Amino acid sequence: MKKLLITYFLALTMFASWGQRQQNVANLAGEKWWGAATNLGTKMPFDASETIYDLSSKNYSNQTAPLLLSNKGRYIWSDSPMRFSIDSTGLHVKTDEGQINIEQAAENSLRGAYMAACAKHFPPQGGIPPKEFFSAPVYNTWIELMYDQNQDDILKYAKAIIDHGFPPGILMIDDNWQQDYGIWEFHQGRFHSPKAMVDSLHSMGFKVMLWVCPFISPDSKEARDLHEKSYLIKTPDGEDMAAIRWWNGCSTCFDLSNPEANAYLCDKFRHLQEKYGIDGFKFDAGDTGYYTDGTVKVFDNKSYGPEQTLLWAQLAEKFPYNELRACWKSGNRPLVQRLCDKGYSWAGVKALVPSMLAAALLGHSYSCPDMVGGGEYTSFLDVDEKDFDASLMLRSCQIHAMMPIMQFSVAPWRVLNDDELEICRRYALLHKELGDYIIAMAEKTAATGEPIVRHMAYMFPHEGFEEVSDQYMLGDRYLVAPVADGSGHRSVKLPKGKWRDENGKVYKGGRTIRVEAPLDRLPRFEKL
């Protein structure tokens with residue numbers, strides 16, 4: 001009876017606060033919070049730091065959603081971007097417009113909160129990205145070629161993948177294959193026969209994707225013509241095309257709130273598919289900060305900040321072979337997501353699992369933990385084997401192997417010796433072996449919304465896993481405990497029951513064990 005009265009009181013309290021634009025939420029005993037931004041994963045569950053996180057002006061280089069989840073079954077959702085902070089008194093949430101909704105799920109757990117929010121705000125769509133994303137590694141030409149994307153070296157990279165015993169999969173041709181930003185045709189000086197190149201890649205067993213972005217070089221005739229049609233974001237007075245600074249310089253940008261501009265860009269990409277046989281696109285950029293209200297003018301006068309990010313994702317969804325890094329409020333859509341670039345460091349490796357867990361709790365199950373070894377190309381320039389710490393590469397590779405999507409960019413055969421390369425290849429093949437299982441989990445996500453990568457507290461509520469963010473469940477079968485430092489061992493917190501590791505050894509759960517993990521071992525367990 002007492003429990004029913006408490007639940008009734010909580011329901012009345014939340015109903016009374018429904019629709020307000022500012023909420024101060026006192027934490028329940030032992031309550032922890034997750035959500036909002038993938039790249040804040042290392043800070044989850046959030047502590048009482050009083051830091052203000054603002055989703056209206058930034059996406060923290062990755063996926064964001066107006067969602068916070070509690071291990072006590074509560075969730076907070078705001079249709080509009082929100083700002084929030086946590087201090088000793090609880091959680092403080094504000095929004096400039098719309099409602100802040102606080103709800104209590106029937107199941108008093110992190111899983112209960114997620115599933116309730118999922119059902120109401122980002123329900124599963126019944127479809128998954130193409131199975132090739134899950135059944136073999138993805139390869140990206142960025143690290144090896146950088147801004148010198150060219151036909152001959154792309155074919156050499158693809159051939160080297162096969163020659164070194166790695167399974168073919170999806171191959172992404174990265175930035176600077178095109179004539180210019182916004183001019184989506186192959187650069188004639190570096191691609192003498194792009195259709196023949198794509199045909200050759202297909203014959204090797206690869207699907208082919210191209211890097212694209214929403215920017216266009218402002219001094220081109222195309223930009224001037226598109227500006228006259230109001231296809232580009234404008235200055236606040238509406239007279240000129242807006243100059244937006246991004247990592248490759250200063251460009252103008254397509255205004256995706258204009259349906260005609262949206263259709264124009266979509267047609268450009270479909271033309272590439274029809275003319276050259278391109279399978280899909282890596283939709284880069286689209287970050288919220290490029291579209292802030294007050295500094296630019298958009299077609300519908302309302303789709304600023306995260307809304308342009310959302311429109312970029314909606315355009316991407318028209319192409320089944322897609323990949324995004326910036327995303328807003330698009331959970332459980334058939335969109336492939338990637339973590340933002342990580343440095344070649346132990347800090348970068350340690351961030352992979354917490355960030356993937358955060359992405360999953362936002363509804364982004366079809367995700368990839370950056371690229372094996374990280375996506376910062378400067379780490380792989382002029383590599384000297386004497387100074388290169390291969391253990392970082394191998395531990396990163398092991399984490400990728402037991403994630404929904406595995407992606408290479410730096411060529412392992414360039415930076416590893418023969419013994420190290422054999423370990424790397426073994427884990428690429430392990431990922432391939434797990435393909436059917438990962439596809440089955442992806443199909444379950446599409447049907448139920450249940451994540452593929454699952455937080456331990458999500459799977460095993462009330463067993464003290466809230467602060468455990470360096471191990472996870474891959475679906476409902478595998479407990480994965482990667483090593484993310486140079487120690488060669490780690491502790492593993494096992495849930496209740498009996499668990500068998502990949503070598504056949506059985507452990508009694510409900511306790512923490514120490515496992516030895518030399519450089520060729522990825523500790524993983526199945527529940528008996």
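**How the terms apply to this predicted model**

Me: What stands opposite Arg 500 in β30?

Reply: In β30, Glu 526 is the residue that stands opposite Arg 500. This is a predicted model, in which local features need pLDDT of at least 70 and side-chain atom pairs count only at pLDDT 80 or more, while totals for chains, interfaces and linings use all residues. Residues are numbered from 1 along each chain as its sequence is written, and side-chain values use heavy atoms, with hydrogens and water left out.

Me: How do you know that β27 and β30 pair?

Reply: Two strands pair if DSSP finds at least two bridges between them. Strand β27 (residues 498-501) and strand β30 (residues 524-527) are joined by three bridges and run antiparallel, so the definition is met.

Me: What makes β23 and β28 edge strands?

Reply: Both belong to an open sheet of six strands, paired antiparallel in the order β23-β24-β25-β30-β27-β28. Each of the edge strands, β23 (453-454) and β28 (506-508), pairs on one side only.

Me: Why is one side of β14 and of β15 left without a neighbour in the sheet?

Reply: The sheet in question is open, has three antiparallel strands and follows the order β14-β16-β15. β14 (215-216) and β15 (244-246) stand at its edges with a single partner strand each, so each has one side without a neighbour in the sheet. The pairing of β14 with strand β16 (residues 249-253) is antiparallel and rests on two bridges. Within this pairing, Phe 215 is opposite Cys 253 in β16.

Me: Why are runs such as β14 (215-216) called strands?

Reply: A strand is a DSSP run of E with at least two residues, a helix is a run of H or I with at least four residues, and both are numbered from the N terminus. β14 covers 215-216, so the run reaches the required length. In total, the chain has 16 helices and 30 strands.

Me: How do you know that strand β7 is mostly covered?

Reply: A residue is called buried when its relative accessible area is under 20%, exposed when it is over 50%, and partly exposed in between (1.4 Å probe, protein chains only). In β7 (residues 90-95), five of the six residues are buried.

Me: Which strand does β7 join through four bridges?

Reply: That strand is β1 (residues 22-25), which runs antiparallel to β7; Gln 23 stands opposite Val 93 in β7. β7 also pairs antiparallel with strand β6 (residues 82-87), over six bridges. In this second pairing, Lys 94 of β7 is the bridge partner of Arg 83. The hairpin that joins β6 to β7 passes through two residues.

Me: Why does Thr 64 count as buried?

Reply: The relative accessible area of Thr 64 is 1%, so this residue counts as buried. Thr 64 has its place in strand β4 (residues 63-70). Leaving aside residues up to four places away in sequence, Thr 64 touches several others, including Ala 36, Leu 55, Trp 328 and Lys 329. A contact here means heavy atoms within 4.5 Å.

Me: Why is Lys 329 called partly exposed?

Reply: With a relative accessible area of 26%, Lys 329 is partly exposed. Lys 329 lies in the loop between β19 (327-328) and β20 (337-338). Its phi is positive, about 55 degrees, although Lys 329 is not a glycine.

Me: What makes the phi of Met 146 notable?

Reply: Most residues other than glycine have a negative phi, and most peptide bonds are trans. Met 146 is not a glycine, yet it has a positive phi of about 50 degrees. The loop between α4 (142-145) and α5 (151-163) holds Met 146. A relative accessibility of 21% makes Met 146 partly exposed.

Me: Which residues does the cis peptide bond join?

Reply: The cis peptide bond joins Met 44 and Pro 45, with omega about -5 degrees. Pro 45 is in the loop between β2 (33-37) and β3 (53-54).

Me: How do you know that the radius of gyration agrees with a compact globule?

Reply: The radius is taken over C-alpha atoms, and the globule rule is 2.2 Å times the number of residues to the power 0.38. For 528 residues a compact globule would have a radius of gyration near 24 Å, and the chain has 23 Å, which agrees. Of these 528 residues, 59% count as buried.
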